[in-house]
Amino acid sequence: MTSLLSPFQLAGLALPNRVVMAPMTRVRAAAGGLATPSMATYYAQRATAGLIVSEGVQPNAVGQSNPGTPGLHTDEQVASWRQVTEAVHINGGRIFAQLMHGGRVSHPDTTGLHPVGPSAVAGDGDVFTPTGPQPMPVPRVLTTTEAAEQAASYAEAGRRAVDAGFDGVELHGANGYLISQFLSDNVNLRTDRYGGSITNRIRFAVEAVAGTVDAIGAARTGIRLSPGATFWGATDGETLELYTALLAELATLEPAYIHLEATAEDTLLRELRRAWPGTLIMNPVLPMGPQQTGREDADRWLGLGAELISFGRAFISNPDLVERLRAELPIEPVDMATLYQGGDDGYLTYNAYQHPAEAAAVPIAA
């Protein structure tokens, strides 16, 4: 059986192990969507991962979903990210930027712009804003021309990511955000070439990936998907048919990987594994569900054919997660209260494992 700690060649990028740090929003960016020195330290501490996928990064201003998230659409943002990518590379790591366009999952109080979406259907639930949670407004419907422009925004952000030193990008096509909204049968009510049939509903995702592949190369492009999910009220009827069709189109573009979340029944996920001819990163547990990914989950999906396994919350509280997995050391739980509070507490305050005997040792005074 494939070992979680064995090396892997990801589209020519040499990974020392098959442990991927999953993208996780941490809302620690500075004003203007700039990356910070604390962010550089945070990612560098976790550089032993085979691959790091960054937190969601908005590809343009209207794509920002939450306050405090970073961008990749201005020269200043690109420059700020170089300290992060350089710190990861100096520590021997590899890092992709996750490009996340929130679409309707946004608010004017956060961006100063009215959210956009495939149709005039508001998202379910409240979204974070600078003044607290608020209901999402009905989005402004993108015209056919504007939809194509938003699909192209991922490619432009991909170019900026490479300029910032990232090894590649992952398009966020999951969790009810813009790409997922176009895939959805209850959010995408369009009658143009981006809506209606499965062929039309997958078009936005395919164009976004194709444009990014053209801009920075297939080896630097991945996409994350959440088949069967219902985040923010977005559903995707005919899930198996929809995602089988999408994977068939994506396969012709030969991206570095697809990254699946365990948001559907195991049987369906295994069908998608069989349908996908390329590299699969599998996130084995429901995002933000009651269970964190553990070694048993990882080994099971490696046995089912996944090449790489992503770990989310376990990487927050265990910067040395790879070594803990290697040595079968305890995995520390994450403090959920500090996930989004800002500052370095619960961000840079998690430490590498210290043996109890070492922790109890008292230095002898000189």
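Here is a short chat about how a few labels in this structure are earned.

User: Before we start, what kind of model is this?

Analyst: It's a predicted model, where local features need pLDDT of at least 70, side-chain atom pairs count only at pLDDT 80 or more, and totals for chains, interfaces and linings use all residues. Residues are numbered from 1 along each chain as its sequence is written, and side-chain values use heavy atoms, with hydrogens and water left out.

User: Why is T212 called buried?

Analyst: Buried means under 20% relative accessible area, exposed over 50%, and partly exposed in between (1.4 Å probe, protein chains only). T212 comes in at 0%, so it counts as buried.

User: Where does T212 lie, and what is it in contact with?

Analyst: T212 lies in helix 7, residues 203-216. Helices (H or I, at least four residues) and strands (E, at least two) are DSSP runs, numbered from the N terminus. Contact means heavy atoms within 4.5 Å. Setting aside neighbours within four places in sequence, T212 touches Y154, A155, V169, L171, G217 and T221.

User: What makes Y154 and F204 an edge-to-face pair?

Analyst: Rings of Phe, Tyr and Trp (its six-membered ring) pair if their centres lie within 6.5 Å; planes under 30 degrees apart are stacked, over 60 edge-to-face, and the rest tilted. Y154 and F204 sit 6.4 Å centre to centre with 80° between the planes, so they pair edge-to-face. Y154 is in helix 4 (residues 144-163) and F204 in helix 7, so the pair ties together parts 50 residues apart in sequence.

User: And what makes Y194 and F204 edge-to-face?

Analyst: Their centres are 6.4 Å apart and the planes make 70°, so the label fits here too. Y194 is buried, at 0% relative accessible area, and F204 also has 0%. Y154, F182, Y194 and F204 form one aromatic cluster.

User: How do you know that strand 5 pairs with strand 4?

Analyst: Two strands pair if DSSP finds at least two bridges between them. Strand 4 (residues 51-57) and strand 5 are joined by four bridges, so they pair, and they run parallel. G56 stands opposite Q98 in strand 5.

User: What about strand 10?

Analyst: Strand 10 (residues 168-173) pairs with strand 5 in the parallel sense, over four bridges. There, L171 is the bridge partner of L99.

User: Why is strand 5 called mostly covered?

Analyst: In strand 5 (residues 95-99), five of its five residues are buried. I95, A97 and L99 point one way, while F96 and Q98 point the other way.
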